[in-house]
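Let's take a friendly walk around a ligand and the residues beside it. Please have the sequence and the model open as you read.

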Amino acid sequence: MNKNLIAGSWVEGSTTVADVNPSDLSDTIGDFAMADGDQTQDAIAAAREAAASWRDGGIQQRADILDRIGNEILARKEELGTLLSREEGKTLAEGIGETARAGQVFKFFAGEALRIPGTSIDSVRPGVAAEVTREPVGVVGIITPWNFPIAIPAWKIAPALAYGNTVVFKPAALVPATAQALAQIINGAGLPAGVFNLVTGAGSEVGEAIVTSPQVDAVSFTGSVATGRAVLVNTAARQAKVQLEMGGKNPLVVLDDADLETAVECAINGAFFSTGQRCTASSRLIVTENIHDRFVARLVERMEALVVDNALKPETQMGPVVDQGQLGQDLEYVDIGRAEGANIVTGGGRVERDADGYYMAPTLFTETDNAMRINREEIFGPIASVIRVRDYDEALSVANDTDFGLSSGICTTSLKHASHFKRYSAAGMVMVNLPTAGVDYHVPFGGRKSSSFGPREQGPAAVEFYTSTKTAYVYA
Ligand code: NAD
């Protein structure tokens, strides 16, 4: 069908975008409709029109519909996950796992729709009652990146609908097929026309139209820091509610007393799974000196054994980079690191496979310091740096010396150091003996500093962004 969904109808775009498989450039998934600014306004108007009846339609209706969406995603996780892997390039296991997670997110928020919190409390004035309730915000604009084509849309769309809002969803133009499949499932679950709208398109046109529209009450954005800050300026100017999840430069600290295999597996998973294209990726490996050489030797051995190939082959452990632009950026950072004096111990370039795709070898820099650009800027590819430090205190200080603050991790067998790190790491999420990536859907997700802005996503914390608090006083 390959169209956008506006006011309950599937509509052609003004142009189309070719959706190409990054594992095999000869494989085009399809040509997908790109909406323009006018169509975006139509979608916003439809969401506005549908807002009152959806808000007043009752929580049972919302719960039933969200549960249906979750069930269908779970029932079709292999098919949808395969489409996702074909389009984005993460491995089949990752694509199917991400899809299952999206299904679970919808089911979680089906339950949350029935548990919208509120309080009734005595007023300080005798005879008066105070009631604090949560109301829908109204029309929510949802703008997402390409790297989690179904999970991120799910963890924004599901709470938006659960708490009684209507939605205008703009996915990244690199992953239109997964967005389309998700929209078909959502639309087929019995939502009234206009409650959920899909407008695939360019950020500069469709994204900006959403962000600047006075008819959009709240914008939930995930993407890069630069785009997020532009979204912030546009929403702040008109006092719209905004939530931003952005980049990371996440540290994984490895102490001398760490279990070597645990630490290496955390680094492999955190830095290279999903081809390193995760906001929570472990891009800075901060390693104390007595374990440094053993850690690097074993990590290199494991990296060189990783099967980098077509995402759709079951044995593949790391798929391609998502597109030519991202691959170019990754290779440029390899040159930057080299010029800064870092040592490449393994990887550093493209690799050829049977099909023509954007394959890159997992890459490790050593002899780096935290001031280098490769340790300060988000690369967003299969590249990690090792930073050698003397002891735990230096490790903590280097870990926190960054503009970002999304996720962090420590590998240690010391309760003292683990507890201290949990408390003093300047990140929104802290992992002990676990990779920096990989989070649950029923607890808050989000970071600090440049990584995030506004209320947390996921779990019961999502109620904060997707509702507006009302306090009522009653004297009867
Ligand atoms: P991006 O910032 O280029 O794009 C994100 C979305 O914003 C896309 O849908 C894009 O079309 C849209 N957009 C672009 N310009 C816009 C504008 N002017 N106004 C409104 N919308 C606009 O990011 P990307 O390359 O798609 O994704 C990679 C980035 O996302 C990385 O920085 C990564 O760290 C980040 N990310 C963060 C999280 C998180 O939860 N913190 C999760 C995943 C990805």
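## Who counts as a neighbour

A residue is counted as near the ligand if one of its heavy atoms lies within 4 Å of it. In this predicted model, 26 residues surround the ligand. The closest of them are Thr144, Ser224, Thr227, Met246 and Glu378.

By residue class, the shell around the ligand holds 13 nonpolar, 9 polar and 4 charged residues.

## Polar contacts and burial

Which atoms of Thr144 approach the ligand, backbone or side-chain? Here a backbone N or O atom of Thr144 lies 2.7 Å from an oxygen atom of the ligand. Serine 224 uses a polar side-chain atom, placed 2.7 Å from a ligand oxygen. Lysine 170 also brings a polar side-chain atom to an oxygen atom of the ligand, at 2.9 Å.

On its own the ligand would expose 860 Å², and the protein buries 86% of that area.

## Where the shell comes from

If you are looking for the pocket, the ligand takes up the space of the largest one. Three elements each give at least two residues to the shell around the ligand: helix H7 (203-212), strand S10 (218-222) and helix H8 (225-237). Of the elements, H7 has the largest share, with 3 residues.

At the domain level, domain 1 (4-246 + 451-475) and domain 2 (250-432) each contribute at least three residues to the shell around the ligand.

Terms used: Residues numbered from 1 in each chain as written. Predicted model: local features only at pLDDT ≥ 70, side-chain atom pairs only at ≥ 80, totals over all residues. Heavy atoms only, no water. Polar contact = N/O pair within 3.5 Å; in protein donor to acceptor, adjacent residues only side chain to side chain. Areas by Shrake-Rupley, 256 points an atom, 1.4 Å probe, with all protein chains shown as cover. 1 Å grid on protein atoms, 1.4 Å probe; cavity = no way out; pocket = protein on both sides within 12 Å on 5 of 7 lines; lining within 4 Å. Sits in = over half its atoms within 2 Å of the grid points. Helix = DSSP H or I, 4+ residues; strand = E, 2+ residues; numbered from the N terminus. Nonpolar A, V, L, I, M, F, W, Y, C, P; charged D, E, K, R; others polar. Domains from an automatic or database assignment.
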